[in-house]
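This report describes how strands and helices are arranged in one protein chain. The sequence and the model come first.

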Amino acid sequence: MAPWGERLAGVRGVLLDISGVLYDSGAGGGTAIAGSVEAVARLKGSRLKVRFCTNESQKSRAELVGQLRRLGFDISEGEVTAPAPAACQILKERGLRPYLLIHDGVRSEFGQIDTSNPNCVVIADAGESFSYQNMNNAFQVLMELENPVLISLGKGRYYKETSGLMLDVGPYMKALEYACGIKAEVVGKPSPEFFKSALQAIGVEAHQAVMIGDDIVGDVGGAQRCGMRALQVRTGKFRPSDEHHPEVKADGYVDNLAEAVDLLLQHTDK
């Protein structure tokens with residue numbers, strides 16, 4: 001690989017994944033990853049523009065930010081790009097009434113959405129609500145529609161909690177795609193629109209930004225397809241095999257967010 005100075009040249013903005021980069025979720029609010037609180041503070045004190053990008057769909061943005069602040073992070077709700085608000089905007093614009101297969105923790109984000117007589121399905125990381133009955137209800141709604149619409153808040157395969165790896169929304173989304181013979185519309189990473197929205201929020205072009213995440217496909221691959229650079233941290237859901245992924249190669253691999261910030265500030269904060 002080229003020297004770090006070349007790989008990070010011209011970076012003006014940083015997009016940060018949250019789960020697996022800042023903290024590992026879990027009982028009691030989860031735990032901050034070593035050095036990440038200080039790394040975020042250093043990054044926000046630099047000349048670089050920062051945006052937090054998450055596919056979190058078990059909590060509202062307000063709840064997520066409150067949890068992160070309790071862990072010591074300097075973060076506000078307005079700095080977070082998340083899929084639920086974007087999905088609500090799509091539903092309103094297209095006059096869609098969803099059957100919500102979602103976690104109770106994020107249901108408040110859909111409080112202003114009409115869910116009567118559903119004409120689409122919205123699926124998210126529903127956790128224990130991914131019962132056979134709820135999945136079958138979603139299947140039945142889609143199969144009764146002439147033009148079925150399935151909107152998925154992300155398509156991650158799994159994520160890490162303090163208790164271990166957990167299935168994410170992706171496998172359940174794929175089950176409905178297969179059963180109904182349709183293709184889901186993904187709102188969130190790795191959707192290009194998601195990354196473009198985050199970049200627009202900080203006024204930075206794709207070629208001037210770097211994404212830092214733990215997901216080689218959703219974070220790294222998604223960002224690179226938008227013209228961004230991307231670093232993968234060896235925390236969260238990272239697996240050593242990610243460094244030999246057959247389709248996606250990060251612009252750099254770092255042990256954690258603290259190391260990534262060290263490199264960014266060394267080569268960009270002039």
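Are H5 and H6 parallel or oblique to each other? Helix H5 (residues 132-143) and helix H6 (residues 169-180) pack at an angle of about 40 degrees, with their axes 10 Å apart. H5 and H6 are therefore oblique to each other. Angles under 35 degrees count as roughly parallel, over 145 as roughly antiparallel, 65 to 115 as roughly perpendicular and the rest as oblique. Axes are lines fitted to C-alpha atoms, for helices over the stretch in contact, and angles run from 0 to 180 degrees between N-to-C directions. On the H5 side the contact involves Met135, Ala138, Phe139, Leu142 and Met143, and on the H6 side Tyr172, Ala175, Leu176, Ala179 and Cys180. Contact means heavy atoms within 4.5 Å.

The model is predicted: local features need pLDDT of at least 70, side-chain atom pairs count only at pLDDT 80 or more, and totals for chains, interfaces and linings use all residues. Residues are numbered from 1 along each chain as its sequence is written, and side-chain values use heavy atoms, with hydrogens and water left out. Helices (H or I, at least four residues) and strands (E, at least two) are DSSP runs, numbered from the N terminus.

Strand S7 (residues 120-123) is covered on both faces: Cys120 and Val122 on one side are buried, as are Val121 and Ile123 on the other. Buried means under 20% relative accessible area, with a 1.4 Å probe and protein chains only. S7 has parallel pairings with S6 and with S8; two strands pair if DSSP finds at least two bridges between them. The table lists these pairings together with that of S1 and S12.

| Strands | Sense | Bridges | Residues opposite |
|---|---|---|---|
| S6 (residues 98-101) and S7 | parallel | four bridges | leucine 100, valine 122 |
| S7 and S8 (residues 150-153) | parallel | three bridges | valine 122, isoleucine 151 |
| S1 (residues 13-16) and S12 (residues 209-213) | parallel | four bridges | leucine 15, methionine 211 |

S1 and S12 belong to an open sheet of six strands with parallel pairing, in the order S5-S4-S1-S12-S13-S14. S5 and strand S14 (252-254) stand at the edges, each with a single partner strand, so one side of each is left without a neighbour in the sheet. Helix H2 (residues 36-44) packs on the sheet, where it touches S1 and strand S4 (49-53), and its direction makes about 140 degrees with that of S4. Helix H7 (residues 192-202) lies across S1, S4, S5 and S12, at about 145 degrees to S4.

In helix H3 (residues 61-70), the buried residues are Leu64, Val65, Gly66, Gln67 and Leu68. These residues pack against strand S2 (23-24) and strand S5 (80-81).

Definitions and conventions:
Buried means under 20% relative accessible area, exposed over 50%, partly exposed in between (1.4 Å probe, protein chains only).
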